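Got your viewer ready? Let's walk through this one stop at a time, picking out residues and helices as we go.

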Amino acid sequence: MAAKKLSQFDPKTFLSTIDGGRKIVAFAKKQTIFSQGESSDAVFYIQKGKVRLAVVSKNGKEATIGILNEGDFFGEGCLTGQPLRLCSATAMSDCYVMQIDKKSMMEVLHQEHAFSDIFVAYLLTRNIRYEEDLVDQLFNSSEKRLARILLLLAHFGKEGKPEVAVPKISQEALAEMVGTTRSRVSFFMNRFRKLGFIDYHAGDALHVHSSLLNIVLHD
């Protein structure tokens, strides 16, 4: 019964009904939501669009650490006393994001157990994803890493139907995520296209087919 109740709980609807401490903010594609080093005082929930998380090293090298989609949270570090943002968040497409201040988010987590359970489950799932990313970087070839990232961008492996098309993403950004060069990404993308694993349509939208799993699963 508890599992059924949890599955029926809609965090988007619930968050839209909490009193105060929240606002809906629209961000245009490529617009910065927050920057690394800024004060950390709110949690964000994606209502529509995609968001890219990235970090910049002291020597100026940038690395993408995550691509988030509708229904994802980010900026939750403030809840653990993190005073400054450890990464930057940028809209990959036109986005609608709910911004919830730290105090309101803490109150909601303590008062609404169903929401708290969903939020904790989300954080655990994302932590597992980060562990998988680390293993991917340590042990898999750059071709496999690229294939896995494309499948994740297309929502393969998540509940529901995978996305038909992935919003346009530059090969430079993919190279950052894979940990390789743009020329290698270009080579693999051309190979995937020739093998029928991906294709491009109007507006350069990228279509990822389930057959790309063959690259990830092949030893």
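Select E143 to begin: in this predicted model, E143 is buried, with a relative accessible area of 18%. Now add R191 and look at the gap between the two side chains. They form a salt bridge, and the closest N and O atoms are 2.2 Å apart. E143 sits in helix α5 and R191 in helix α7, so this pair ties together parts that are 48 residues apart in sequence. R191 counts as partly exposed, at 34% relative accessibility.

While you have E143 on screen, pick F187 too. It lies in helix α7, which covers residues 182-194. The C-alpha atoms of F187 and E143 are separated by 9.4 Å, although the two residues are 44 apart along the chain. F187 is partly exposed, with a relative accessible area of 46%.

Next, show helix α5 (residues 142-153) together with α4. How far apart are their axes? The answer is 10 Å, with the helices packed at an angle of about 155°. That makes α4 and α5 roughly antiparallel to each other, since an angle over 145 degrees counts as such. Their crossing is left-handed.

For a side-chain link between these two helices, select E132 and R148. They meet in a salt bridge, 3.4 Å from N to O. E132 belongs to α4 and R148 to α5, so the pair joins parts 16 residues apart in sequence. R148 is buried, at 14% relative accessible area, while E132 is partly exposed at 42%.

Stay on α4 and go to its end, at F139; the helix runs over residues 113-139. Is F139 buried or exposed? It is exposed, with a relative accessible area of 64%. Add L134, V135 and L138, and you have a nonpolar surface patch that shares about 450 Å² of accessible area with F139 included.

Now swap α4 for helix α6 (residues 171-178), keeping α5 visible. These two pack at about 115°, their axes 9 Å apart, and are therefore roughly perpendicular. This time α5 passes α6 in a right-handed crossing.

Last stop: E176 and R52. Their salt bridge brings the closest N and O atoms to 2.6 Å. E176 is in α6 and R52 in strand β4 (residues 51-56), so the pair ties together parts 124 residues apart in sequence. R52 counts as buried at 16% relative accessibility, and E176 as partly exposed at 27%. Select E62 as well: R52, E62 and E176 are linked in a network of salt bridges. The structure holds seven salt bridges.

Terms used:
Residues are numbered from 1 along each chain as its sequence is written. This is a predicted model: local features need pLDDT of at least 70, side-chain atom pairs count only at pLDDT 80 or more; totals for chains, interfaces and linings use all residues. Side-chain values use heavy atoms; hydrogens and water are left out. Patches are made of residues with over 30% relative accessible area and no salt bridge: like charges are joined within 9 Å, nonpolar side chains (Val, Leu, Ile, Met, Phe, Trp, Tyr) within 5 Å. Accessible areas come from the Shrake-Rupley method with a 1.4 Å probe; for residues, only the protein chains shown count as cover. A salt bridge is a side-chain nitrogen of Lys or Arg within 4 Å of a carboxyl oxygen of Asp or Glu. Helices (H or I, at least four residues) and strands (E, at least two) are DSSP runs, numbered from the N terminus. Buried means under 20% relative accessible area, exposed over 50%, partly exposed in between (1.4 Å probe, protein chains only). Axes are lines fitted to C-alpha atoms, for helices over the stretch in contact, and angles run from 0 to 180 degrees between N-to-C directions. Angles under 35 degrees count as roughly parallel, over 145 as roughly antiparallel, 65 to 115 as roughly perpendicular and the rest as oblique. A crossing is left-handed if the near helix is turned anticlockwise from the far one by less than a right angle, and right-handed if clockwise.
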